[in-house]
Amino acid sequence: MTVLLHIEGLGKRFGGFVALDGIELEVQDGERLGLIGPNGSGKSTLVNCICGTLQNEQGSVRFAGEKLDGLLAHERTRRGLARSFQLPRPFASLSLAENLRIPILYAVSARGAGALAGAAIDARCRDLLGEVGLAEKADRLPRDLTQIEMRKLELARAMAAEPKLLIADEAMAGLSHTEVDEIIALLIRLNGQGVTVIMIEHIMRAVMEFSQRLAVLVAGKKIADGAPKDVVRDAEVVRAYLGE
Ligand code: ADP
Ligand code: MG
């Protein structure tokens with residue numbers, strides 16, 4: 001197995017508050033990792049430091065063999081990192097298809113692949129919308145979507161840049177049981193297509209179904225990392241999170 005993402009000694013402060021403290025984490029190419037922890041434990045901050053939305057003050061992030069420290073978010077996207085936001089952030093005034101066209105064009109130009117014909121871009125938009133079950137709504141605006149459709153659009157937007165690693169930050173909050181199943185199936189399908197996936201989630205049923213490995217953050221520190229069945233029985237994890 002090859003290490004795709006390698007985080008070493010990562011630290012992040014907000015003023016005097018230590019949000020992340022000495023995080024060590026490796027993610028293998030092709031893996032499905034679950035990341036859990038109480039609200040405010042630093043999960044989204046970690047995602048932000050990986051993706052370049054925030055810059056960490058300490059430690060390093062290596063991705064596909066390259067050091068990312070100091071690179072901006074769009075430069076990391078170009079290298080194959082994508083994330084969905086906890087609160088979906090579509091372009092409100094653009095149709096679903098147009099929402100995908102932007103990251104597709106960006107990915108194409110970033111790869112220096114030359115001009116992709118309009119028809120090929122349209123086809124890629126349709127494929128992506130089909131992938132997440134939104135093909136029928138290609139010409140609608142984001143405000144016409146239900147909550148689960150919005151989450152699917154957010155995932156499709158992340159996938160449009162053809163990432164090596166997708167980080168889904170609480171993509172299931174507020175969804176029904178069957179909708180949660182749909183998102184799990186979607187993430188597992190993407191993983192089957194070769195995309196490494198980190199899933200941040202509170203719904204433990206989803207976490208256990210999805211994760212091949214589980215890491216736990218509490219108050220900015222990683223307190224456990226291992227086989228899901230072992231991690232959920234770990235006394236410290238139960239005390240700090242699952243026992244809540
Ligand atoms: P989680 O995603 O695990 O719920 P976050 O990473 O969002 O946690 O937040 C971790 C801590 O850092 C929280 O106490 C939060 O209030 C704080 N925090 C997050 N982002 C910022 C920011 N931009 N400025 C100041 N504090 C922040
Ligand atoms: Mg969060």
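The following legends describe close-up views of a predicted model.

**Figure 1. Residues surrounding ligand 1.** The shell around ligand 1 consists of F14, F17, A19, P38, N39, G40, S41, G42, K43, S44 and T45. Sorted by class, this shell holds four nonpolar, six polar and one charged residues. The largest contribution to the shell comes from α1, which supplies three residues.

**Figure 2. Polar atoms facing the oxygen atoms of ligand 1.** Two of the pairs shown use the protein backbone: a backbone N or O atom of G40 is placed 2.7 Å from an oxygen atom of ligand 1, and a backbone N or O atom of S44 is placed 2.9 Å from an oxygen atom of ligand 1. T45 takes part through its side chain, a polar atom of which lies 2.6 Å from an oxygen atom of ligand 1. On its own, ligand 1 has 560 Å² of accessible area, and the protein covers 59% of it. Elements contributing two or more residues to the shell around ligand 1 are β2 (17-28) and α1.

**Figure 3. Protein donors of the magnesium ion (ligand 2).** The magnesium ion has S44 (OG) and Q86 (OE1) as its protein donors, at 2.1 to 2.5 Å. S44 belongs to helix α1 and Q86 to the loop between β6 (81-84) and α3 (96-110), so the two donors tie together parts that are 42 residues apart in sequence. S44 is partly exposed, because its relative accessibility of 22% is not under the 20% that defines a buried residue. Q86 is likewise partly exposed, with a relative accessibility of 32%. S44 also appears in Figure 2, where a backbone N or O atom of S44 lies 2.9 Å from an oxygen atom of ligand 1.

**Figure 4. Helix α1 and its surroundings.** Helix α1 is largely enclosed by the rest of the structure, because eight of its nine residues are buried. The buried residues of α1 are K43, T45, L46, V47, N48, C49, I50 and C51. S44, in the same helix, is partly exposed at 22% relative accessibility. After α1 comes G52, with a positive phi near 90 degrees.

**Figure 5. G42 in the loop that leads to α1.** G42 is situated in the loop between β3 (32-36) and α1. G42 has a relative accessibility of 9% and therefore counts as buried. Leaving aside residues up to four places away in sequence, G42 is in contact with A19, L20 and L217. G42 and G243 are 201 residues apart along the chain, and their C-alpha atoms are separated by 19 Å. G42 is also one of the residues around ligand 1.

**Figure 6. Contacts of E57.** E57 occupies a position in the loop between α1 (43-51) and β4 (58-63). With a relative accessible area of 46%, E57 is partly exposed. Apart from residues up to four places away in sequence, E57 touches G11, K12 and R13. The side chains of E57 and K12 form a polar contact of 3.1 Å. A polar atom of the E57 side chain also lies 2.7 Å from the backbone nitrogen of R13. From E57 to L217, 160 residues apart along the chain, the C-alpha separation is 19 Å.

**Figure 7. Positive phi angles at A64 and E162.** A64 is not a glycine, yet its phi is positive, at about 50 degrees. The loop between β4 and β5 (66-67) contains A64, which is partly exposed with a relative accessible area of 42%. E162, also a residue other than glycine, has a positive phi near 50 degrees. E162 is placed in the loop between α5 (147-159) and β7 (165-169). The relative accessibility of E162 is 41%, so this residue counts as partly exposed.

**Figure 8. I121 in helix α4.** Helix α4 comprises residues 118-131 and includes I121. I121 is buried, because its relative accessible area of 6% falls under the 20% limit. I121 and R13 are separated by 108 residues in sequence, and the distance between their C-alpha atoms is 41 Å. R13 is the residue in Figure 6 whose backbone nitrogen lies 2.7 Å from a polar atom of the side chain of E57.

Methods. Residues numbered from 1 in each chain as written. Chains lettered and ligands numbered in written order. Predicted model: local features only at pLDDT ≥ 70, side-chain atom pairs only at ≥ 80, totals over all residues. Heavy atoms only, no water. Helix = DSSP H or I, 4+ residues; strand = E, 2+ residues; numbered from the N terminus. Buried < 20%, exposed > 50% of the residue type's maximum accessible area, 1.4 Å probe, protein only. Contact = heavy atoms within 4.5 Å. Polar contact = N/O pair within 3.5 Å; in protein donor to acceptor, adjacent residues only side chain to side chain. Donors = N, O, S within 2.8 Å, 3.2 Å for Na, K, Ca; no water. Near = heavy atom within 4 Å. Areas by Shrake-Rupley, 256 points an atom, 1.4 Å probe, with all protein chains shown as cover. Nonpolar A, V, L, I, M, F, W, Y, C, P; charged D, E, K, R; others polar.
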